[in-house]
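Please find below a few numbered points, written for someone who is looking at this structure for the first time. They may be easiest to follow with the model open alongside.

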Amino acid sequence: MRFSLLFALASLLAVTSSAQFINNKSAFADKPADSYSNYKDENGKPGVLIWGNAEPKDFGIRPVTFNYKGVRNVKQVPAPGIHPRIYFGPDDLPEIRNNLKTTLCGQAAWKNILSWTEMMKGNYDDKADYAQPDIQKGSFGGLHGRVPLYRLGIPRSNGMVYNHHALAAQYYNTLADGTATSFPEYYWHVFSLEAFRCLIENDDKSARKLAKAVITAMKIDQLKRDSIRTAKKITKPNEEPVGRIQLAFTYDFIFNWLTPEQKTAMHDELAENSWSHDNYGTFNTAEASRSNWATFSYWLFEVLAIEGEPGFNDLKVKGMYRGWCNLMTYGWFQSGATFEGEAKNQLGMDGIITFAKRASLYGFDDISGHPYLQAYAKKFLPHSIIPTRDAFVKYDLLGGSRSKGGGFTVCDLLGLKYMFPNDKTIDWVYHVSMKDDYSNVPDRADGYYNGLLFYAIFAQDFDPTNNQPEKLGLGNTFFCGERALMMTRSSWESKDALMLNLHTRQANGGHPSADRNAIMLAGAGRVWSPVQGGYAFDNFKQSMVVIDKHAQDEHTPATLVEFKDEPLATFATGNAKYAWDWNNKEQERKKGYYTVADVRAGKVEMPANGQWELEPNTVNDFSYLKLPYPYLNQPRSETPHWILPKGAVRPFLRQPNYTVKKAFRTAGIIRSEKPFALVVDDIAKDDQAHHYDWILTLEHDIQIVSVNKTNDGEMDILLTGDDPNQLEGFGKDSLPAKYSGKPAKNQPMLLVRVLQVNDPSAFKAVNIEEWRPLGAKPKESPVRKLVIPADAISPDFKVMLYPYRNGEELPKTSWRRDVLSVKWENGKKQTITFKPDANGLNHLSLHIDAKTIEW
């Protein structure tokens, strides 16, 4: 369709009133959607979803009460037809300009923007203030400055940048004069930065030159796209415009400098190529909205660039809002933990703020008021910060200890700070994510979102005096009874504090690992055992016990048995038996989709390779925290499909895996004068002897200092890392298992004391191994892990984990029957009694300081 004449007419009309999209009749109500939820019917023909059949006010059956205490009351965008408008309106410009000058965050973002725009135009000066400090230090062909300018795509010769200033200017000038026939793709990302710069500095001449360059770039890319469509005989509408979100932002920022012909050209490209495709969450079952695809904000910005103009699809915006809201309700747990782990756009605070600024246009509630979002921001996020306060613990696809931007999209931390400006906890988390010097302000403009633009527009500074997390009232423990995740620490005061996570995982999303009852450990100023992420989901790379080197399924849930959180100690017990006994998989129909009626009528086709059957259990059957909502009490074989239209189901099936007698793990920390962790594994395959590997995954620099068998039959394994002398001459993937030097005083150390293992030969077989998953890329780092093997009917692993600084005293432990005594030289004696029940699970009783805690 062509909108040129309509747009030209609309441009002549001054829009002075706030157009409403609340109960309007949409021009797209009868048009087909090229949807994530598209499917093929039973005859193999594409099913048709109509925009007008979406239910944008369907938020499912789970009641949610929004809370706006402490939430910023954002200024609304101007009436449709007025630009800029995606993130802000003309009235916001004085505040944005001021923040770019007066905030440290804004100053850092502005320097990064100037670095990119000046390089693109051939004016870059690596001695200028905007290029300082020099982070690149001559890398990638002699480049110096703050940002990775090599990504601009200027061709290099013999490994060096070839006349990058002149060539960059040549590309830009020929785009502006219309003679260019090609240009580096990354220029699109810088176009939006230059457009923003022109708007901030009111640079008329540069804005008009940029407009010409964008028109040429658009024509070049349109020609490429049309050639591909013709060759491949593609007839359906394009999903996105050329230039994607960067065209949208550029159009929005320099709109008032565009000639009528330029406005029409850019508008038509956006209008014709932004209306057809929905974002995740528009058509699916509300209660199945658990995928973090819902917060792909690029879909939103592309359509909002022409909001209220001819060709604008308001139903797409309403569908995206539904997806965002439902993700908060069904993709987050009420504790603040997430269903699908940490990945992709996560909260999508860039989109949440954008929706909030349109509350009056669409009748939207501000999603910042969602209680699960607030629990995530104020509970989960601070507790995911490791004691050294320079990284966050993340799970699943992004698993590990990540420092930059909170470990996922950089927009979330700033977005939370912006929407909760006076919240001390969020301010501190934002501080950690930015570092003291704001060096984590985004230095790039590409990706799913333009994080650099976001930071420039919403620049906020943290309070440097708010640096004592122990005063925030966080408590020492985060616990999610739906996901079965415990994160606990000895205290908040010290960066040497002990931190232990236990992840039993009763529920998982699209990128889980086989990590039922896996632990994470930090202390003495470092991470020892990180969360493992990436696409290698196997249990062999997790900190857990593996039986007979047998694989465990990553999709099968486990069950939390017990959780106790006291000032003196915090422990949880997980039961991974079901995850050993069964494999789970979700079954798709080859044509069309299954319904609940199909499942109940026995019409689900079973795979030929194995003894598959419908999964009879419900979510609540596995959940420690059982909630009353009906969808949690329906068999998992009737699980609503995560992406197909409402009414579709994706049945869970189960198949026998490797049946075990028991698979309990109890783990936690004791906050005595010298805090330590205790891990107890009550695990047995059956009544015969089997091979068991007790695994502790390690950071890449960890080595064994010594392995000693003590007089009491215990085994002490001393580990260390952070020694440059040990790393010299070795890549991080080839460091020897054995430490060859002498640890320096105060060097971080970890005592792994095996209090019990029912195999005398385990002492000789302890080792550090490096394991690569099947299909790993050649340059992909292997998983480094400490392995304590045992051949037994039940190994009865009982392990103390004590991070300390070299030179500090180690604890003395001794057994008297089933009672373990722990004591330091001048400390108080503490005893732990182990009492097995009829299921073979040891219940613990801690006695210290005339206090007794049982679990």
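1. Strands β10 (residues 518-523) and β11 pair with each other in the antiparallel sense, and the pairing runs over three bridges. Across from R526 in β11 stands G523. Please keep in mind while reading that this is a predicted model.

2. The wider setting is an open sheet of five strands, arranged in the order β7-β8-β9-β10-β11 with antiparallel pairing. Its edge strands are β7 (477-480) and β11 (526-529), each of which pairs on one side only. On average, and with direction ignored, neighbouring strands of this sheet are turned by 15° against each other.

3. Helix α14 packs on the sheet, where it touches β7, β8 (485-489) and β9 (499-503), and the direction of α14 makes about 65° with that of β8.

4. Helix α14 (residues 371-383) also packs with another helix, α16 (residues 424-434), at an angle of about 40° and with the two axes 9 Å apart. Because angles that are neither under 35 degrees, nor over 145, nor from 65 to 115 count as oblique, α14 is oblique to α16. The crossing of these two helices, α14 and α16, is left-handed.

5. As for the residues involved, α14 contributes A377, K378, L381 and P382 to the contact, while α16 contributes T425, I426, W428 and V429. By character, the residues of this contact between α14 and α16 divide into six nonpolar, one polar and one charged.

Methods. Residues are numbered from 1 along each chain as its sequence is written. This is a predicted model: local features need pLDDT of at least 70, side-chain atom pairs count only at pLDDT 80 or more; totals for chains, interfaces and linings use all residues. Side-chain values use heavy atoms; hydrogens and water are left out. Axes are lines fitted to C-alpha atoms, for helices over the stretch in contact, and angles run from 0 to 180 degrees between N-to-C directions. Helices (H or I, at least four residues) and strands (E, at least two) are DSSP runs, numbered from the N terminus. A crossing is left-handed if the near helix is turned anticlockwise from the far one by less than a right angle, and right-handed if clockwise. Contact means heavy atoms within 4.5 Å. Ala, Val, Leu, Ile, Met, Phe, Trp, Tyr, Cys and Pro count as nonpolar, Asp, Glu, Lys and Arg as charged, and the others, Gly among them, as polar. Two strands pair if DSSP finds at least two bridges between them.
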